[in-house]
Amino acid sequence: MPEKLKGKARGSAALASSTLSANEKILQECNRLYVEETTGLIEIAKSLDIKLLEPRKKITVLLIGNHSAGKSTFINWYVEEHVQRTGVAIETQGFTIVTSGRKRESLTGNATMHLYQHLKPLQDMKGVIDYIGTEISTSKQKKFSLVTFIDTPGLVDGDMKYPFDVNESILWLGNNIADLIFVFFDPIGQALCKRTLNIVENLCDKHAERMKFYLSKADEAGHESDRQRVMMQIVQELCKRPNLNRTGFEMPTIYVPTLGKQSRCVNQIEEVCKEIEKTINATIQNTLNQLEKDCTEIADAINEKLRIDDEARSYNLRAKSRRCLFFMFGLFVPMVFLANFLAVGLSDDILHSTLGKVGTANLRHYTSPVSSIWTAVPKTYHWHFLGGVAVLTLILLLLAHLSSKTRPTLGRRLKKSLLERREYVQSKVKSKKEALYKEYLQQSIGAQEM
Ligand SMILES: Nc1nc2c(ncn2[C@@H]2O[C@H](COP(=O)(O)OP(=O)(O)OP(=O)(O)O)[C@@H](O)[C@H]2O)c(=O)[nH]1
Ligand SMILES: [Mg+2]
């Protein structure tokens with residue numbers, strides 16, 4: 001790349017990173033630590049048979065509710081851009097992922113699946129692929145750069161035929177993808193739609209803490225007394241379901257202020273934004289805590305590998321010495337008998353000419369215990385005794401062979417790379433995590449108090 005262009009690219013990258021909020025930077029940095037090509041934690045963990053999940057850079061908010069409850073309008077209000085079609089007709093027929101990006105763009109089902117690999121199971125649900133899409137918006141309003149909304153088809157009872165299994169797909173998203181599930185009940189339409197209640201009950205069973213209920217389009221509810229009545233009705237209906245019968249049922253009343261209707265009704269729409277912020281903060285803390293845990297898990301796995309290697313090495317050393325010992329004995333026993341056989345059987349002349357007088361005397365002296373053994377053994381058993389010596393020799397050699405089995409050990413290069421990786425996760429990544437935590441806390445406490 002020409003120097004001028006390089007400078008420009010660097011400049012725009014710097015500009016992009018300078019426009020990121022501290023929280024965005026923290027989540028992106030955490031994500032980078034996991035996915036980097038060779039030094040990424042996912043890759044390191046994989047080599048140790050540990051499966052780590054890639055931390056997400058954004059939280060996911062799933063919006064569900066009856067048809068025309070105001071789900072899409074809420075997203076448009078949050079994003080401050082008309083990304084989603086709204087209206088009284090059944091507007092949203094499939095799933096739309098609304099997320100922030102560098103360029104305004106609409107993606108089809110296939111492109112969506114490429115972008116969000118973790119949504120792949122949705123593809124296996126018949127029909128969903130044709131009814132899912134992504135809207136990328138450049139908006140940076142509120143906390144949108146850290147949020148991905150999933151707009152869902154309006155739920156209705158009766159004859160309405162969905163082109164895919166709407167219940168199953170919403171349940172899958174709620175159970176596997178969403179950090180927050182907003183349920184919108186509106187006062188006008190089918191507030192008590194059975195399909196909505198069934199899905200809500202099912203999701204509440206496992207993820208009650210993710211679920212937040214809102215009385216949407218509250219400005220349409222008429223007078224305060226009417227609104228109270230509608231609320232009572234909805235809460236009563238919800239409480240009829242055993243899974244939803246919880247004390248302290250909260251249902252803030254919200255409406256989109258920009259629609260221009262004058263209403264004296266209290267608008268708690270800011271509570272929704274606060275809920276999103278709360279979840280973002282919890283996600284950042286969880287991600288940083290998880291980073292620490294994952295580093296410890298990796299370091300522990302490396303320590304364990306090194307411990308096993310040390311153990312194998314000392315086992316191998318013991319095995320080697322055992323093998324040597326058995327082998328030496330195995331050879332020593334027949335050699336001594338052979339030497340004794342020669343010392344006694346060969347004539348003095350032959351021995352003197354090969355070993356000399358002193359050598360012959362020594363040979364006879366040192367092998368004399370074997371001669372005493374021979375005299376102690378009755379003559380008729382000499383062959384048996386010899387057989388016994390042969391068996392003993394075989395046993396000793398067999399033991400030497402069996403002791404030669406060693407355990408596998410790590411190669412020098414592999415061991416070095418394990419030590420480097422342990423050093424990397426324990427010092428570099430953990431200190432990076434400390435720095436990111438500091439950066440995160442500085443936003444709320446301030447630098448001077450830390
Ligand atoms: N007065 C008022 N009208 C609203 C509010 N929110 C949405 N609406 C209107 O309600 C109608 C339905 O809104 P949508 O956002 O399309 O509803 P939805 O839940 O996405 O509907 P489906 O996509 O069909 O499920 C539109 O005409 C909106 O203008 C609100 O807070 N107050
Ligand atoms: Mg909609």
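In helix 8, the residues Arg195, Thr196, Leu197, Ile199, Val200, Glu201, Leu203, Cys204 and His207 are buried, where buried denotes under 20% relative accessible area, exposed over 50%, and partly exposed the range in between, with a 1.4 Å probe and protein chains only. The model is a predicted one, in which local features need pLDDT of at least 70 and side-chain atom pairs count only at pLDDT 80 or more, whereas totals for chains, interfaces and linings use all residues. Residues are numbered from 1 along each chain as its sequence is written, chains are lettered from A and ligands numbered from 1 in the order in which they are written, and side-chain values use heavy atoms, with hydrogens and water left out.

Helices (H or I, at least four residues) and strands (E, at least two) are DSSP runs numbered from the N terminus. Helix 8 comprises 14 residues and spans 19 Å from its first C-alpha to its last, close to the 20 Å expected at 1.5 Å a residue, the expected span being 1.5 Å times one less than the number of residues. Its buried residues pack against strand 1 (59–65), helix 7 (166–176), strand 6 (180–185), strand 7 and helix 9, with contact taken as heavy atoms within 4.5 Å.

Side chains of opposite charge can pair when their charged atoms come close. The structure holds 24 salt bridges, each defined as a side-chain nitrogen of Lys or Arg within 4 Å of a carboxyl oxygen of Asp or Glu. One of them joins helix 8 to a later part of the sequence: the side chains of Arg241 and Glu201 meet at 3.2 Å, N to O. Because Arg241 lies in the loop between helix 9 (224–240) and helix 10 while Glu201 belongs to helix 8 (residues 194–207), this pair ties together parts that are 40 residues apart in sequence. Both Arg241 and Glu201 are buried.

A further salt bridge is formed between Glu275 and Lys212 (3.9 Å, N to O); since Glu275 lies in helix 10 and Lys212 in strand 7 (residues 211–215), it ties together parts that are 63 residues apart in sequence. Glu275 is buried, with a relative accessible area of 15%, whereas Lys212, at 22%, counts as partly exposed. The side chains of Glu105 and Lys103 also meet in a salt bridge (3.6 Å, N to O); here Glu105 is partly exposed at 33% relative accessibility, and Lys103 is exposed at 55%. In addition, Glu29, Arg32, Glu36 and Lys432 are linked in a network of salt bridges.

A disulfide is a covalent bond between the sulfur atoms of two cysteines. With the criterion of a pair of cysteine sulfur atoms within 2.5 Å, the count comes to zero disulfides. Cys30 is in no disulfide, the nearest cysteine sulfur, that of Cys295, being 9.8 Å away, and Cys30 is buried at 0% relative accessibility. The sulfur of Cys204 is 11 Å from the closest cysteine sulfur, in Cys239, which is too far for a bond; Cys204 is likewise buried, with a relative accessible area of 5%.

At the surface, Phe327, Leu331, Met335, Leu338, Phe341, Leu342, Leu346 and Ile350 make a nonpolar patch of about 760 Å². Patches are made of residues with over 30% relative accessible area and no salt bridge, like charges being joined within 9 Å and nonpolar side chains (Val, Leu, Ile, Met, Phe, Trp, Tyr) within 5 Å; accessible areas come from the Shrake-Rupley method with a 1.4 Å probe, and for residues only the protein chains shown count as cover. Helix 10 (residues 269–345) gives the most to the nonpolar patch, with six residues. Ile350 lies in helix 11 (residues 348–366) and is partly exposed, with a relative accessible area of 43%.
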